[in-house]
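Please open the model in your viewer and keep the sequence panel in sight. We will go from stop to stop, with something to select at each one.

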Amino acid sequence: MFFDIVLIICTERWMRYMNRNKKRFLGAALTVLVFLVSNSFSAPAFQSGLTASGFVPEAEQNPSFSQAAAPEQPSENVDELLYEGDFEHYAEASENQYSVDEILGDSNSQEFLDQHNNMPAEQRGYSKDDWNLILINKQHPVPEDYTFELGTITANMQCDARILPELFAMLQAAREDGINLMVCSPYRDISLQKVLFDRKIQLYMGQGYTYLEAYKRASQIVTVPGASEHQVGLALDIISDTYTLLDEGFGETQAGIWLQEHSKEYGFILRYPKGKEYITGIDYEPWHFRYVGKEAATIIMDNGLTLEEFVESISE
């Protein structure tokens with residue numbers, strides 16, 4: 001009987017306490033819910049079977065990779081310089097950007113320039129399965145079985161080996177026209193992509209946005225991990241020796257204009273053009289160029305298309 005009375009009294013006091021603090025408990029419950037939802041958003045990016053996923057060793061997921069070929073990871077200090085705070089301006093502080101003289105002065109550059117000069121004319125005909133036309137975006141993450149071989153641009157900077165001849169030729173042509181281009185952030189694995197994306201989310205949350213709001217905003221600027229063209233080595237961020245910021249202003253520079261006019265001649269396209277954000281899902285990036293091959297690039301650039309629109313137009 002005594003214990004029954006104690007139980008009734010404790011229950012009554014607990015109910016009163018809960019009633020007085022219901023807002024506090026509701027807030028805690030919502031916090032837990034947001035945490036669970038945020039994990040569910042992140043999960044697909046790590047279930048796409050990408051190389052260097054962070055859970056399965058890169059060499060096991062992609063037999064074309066080797067430990068020797070894997071790019072050197074930035075040190076923690078460099079990582080802080082590049083990605084803490086303002087992502088758009090990280091190139092200015094980057095230790096991993098190289099001038100055209102450094103790239104073309106590398107011992108292997110002439111070999112790739114010779115390959116470019118001896119390349120046969122492309123044959124018309126496209127397929128959605130062509131390696132150079134692979135569509136990578138939020139709706140089309142990197143396929144689980146996608147493999148490629150990394151080639152060295154210079155030092156620890158790498159990309160898909162198949163685009164090196166055209167890349168070197170483009171850099172040389174720009175230099176001959178008085179434009180000194182600089183390459184930064186070509187191939188990067190999913191772990192680095194996750195660092196970029198997570199820190200952008202934290203930046204927005206620090207400005208007062210909720211996690212979901214920050215996630216949406218971040219995904220318009222930094223590609224969601226698992227859906228970045230940088231992860232397949234076909235995309236490069238290109239700036240110049242006179243303008244080293246990754247922002248819209250680069251598109252108005254001589255280097256930005258030259259790239260928009262001539263990149264197609266070497267198989268590259270402006271991947272995220274202005275006015276097509278509703279298709280690409282990414283804000284205008286005048287520094288981000290993607291290799292698709294000369295013929296496809298000419299059609300895309302001359303007609304103001306996105307890669308999404310071009311791939312959609314290809315008959316099976």
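Start by selecting S185, which sits in the loop between β4 (181-184) and α8. This is a predicted model, so read each value on the tour as computed from it. Phi of S185 is near 55°, a positive value in a residue that is not glycine. Most residues other than glycine have a negative phi. Is S185 buried or exposed? With a relative accessibility of 14%, S185 counts as buried, because the cut-off for that class is under 20%.

Now select A155 in the loop between β2 (150-154) and β3 (157-160). A155 also is not a glycine, and its phi is positive, at about 50°. A155 is exposed, with 52% relative accessible area; the exposed class begins over 50%.

From there, step back along the chain to I153, which belongs to strand β2. I153 is buried, and its relative accessible area is 0%. Add P186 to the selection and draw a distance between the two C-alpha atoms: I153 and P186 are 33 residues apart along the chain, and the separation comes to 9.1 Å.

Next, show helix α8 (residues 190-206) together with helix α9 (residues 211-219). At what angle do α8 and α9 pack? The angle is about 125°, and the axes lie 8 Å apart. The two helices are therefore oblique to each other, and α8 passes α9 in a right-handed crossing. To see the contact itself, turn on side chains for F197, K200, I201, Y204 and M205 in α8, then for Y211, A214, Y215, R217, A218 and S219 in α9. Sorted by class, this contact has eight nonpolar, one polar and two charged residues.

Stay with S219 in helix α9 for a moment. S219 is buried, at 7% relative accessible area. Which residues does S219 touch, leaving aside neighbours within four places in sequence? Select K138, F197, V224, G281 and I282 to see these contacts. F197 is also one of the α8 residues that meet α9.

Move on to I257, in helix α10 (residues 254-262). I257 is partly exposed, with a relative accessible area of 37%. Setting aside neighbours within four places in sequence, I257 is in contact with G251 and E252. Now add P286: from C-alpha to C-alpha, I257 and P286 are 9.1 Å apart in space, while 29 residues separate them in sequence.

For the next stop, select strand β6 (residues 268-272). Five of its five residues are buried, so β6 is largely enclosed by the rest of the structure. Then add strand β7 (residues 285-291): β6 and β7 run antiparallel and are joined by four bridges. To find your place in this pair, look for F268, which stands opposite Y291 in β7.

Finally, clear the selection and colour the protein chain by secondary structure. How many helices and strands does the chain have? There are 13 helices and seven strands. The chain has 316 residues, and 47% of them count as buried. Among contacts between residues at least 6 apart in sequence, 74% join residues at least 24 apart.

Conventions. Residues numbered from 1 in each chain as written. Predicted model: local features only at pLDDT ≥ 70, side-chain atom pairs only at ≥ 80, totals over all residues. Heavy atoms only, no water. Buried < 20%, exposed > 50% of the residue type's maximum accessible area, 1.4 Å probe, protein only. Pairing = 2+ DSSP bridges. Axes fitted to C-alpha atoms, helices over the stretch in contact; angles between N-to-C directions. Parallel < 35°, antiparallel > 145°, perpendicular 65-115°, else oblique. Left-handed = near helix turned anticlockwise from the far one by under 90°. Contact = heavy atoms within 4.5 Å. Nonpolar A, V, L, I, M, F, W, Y, C, P; charged D, E, K, R; others polar.
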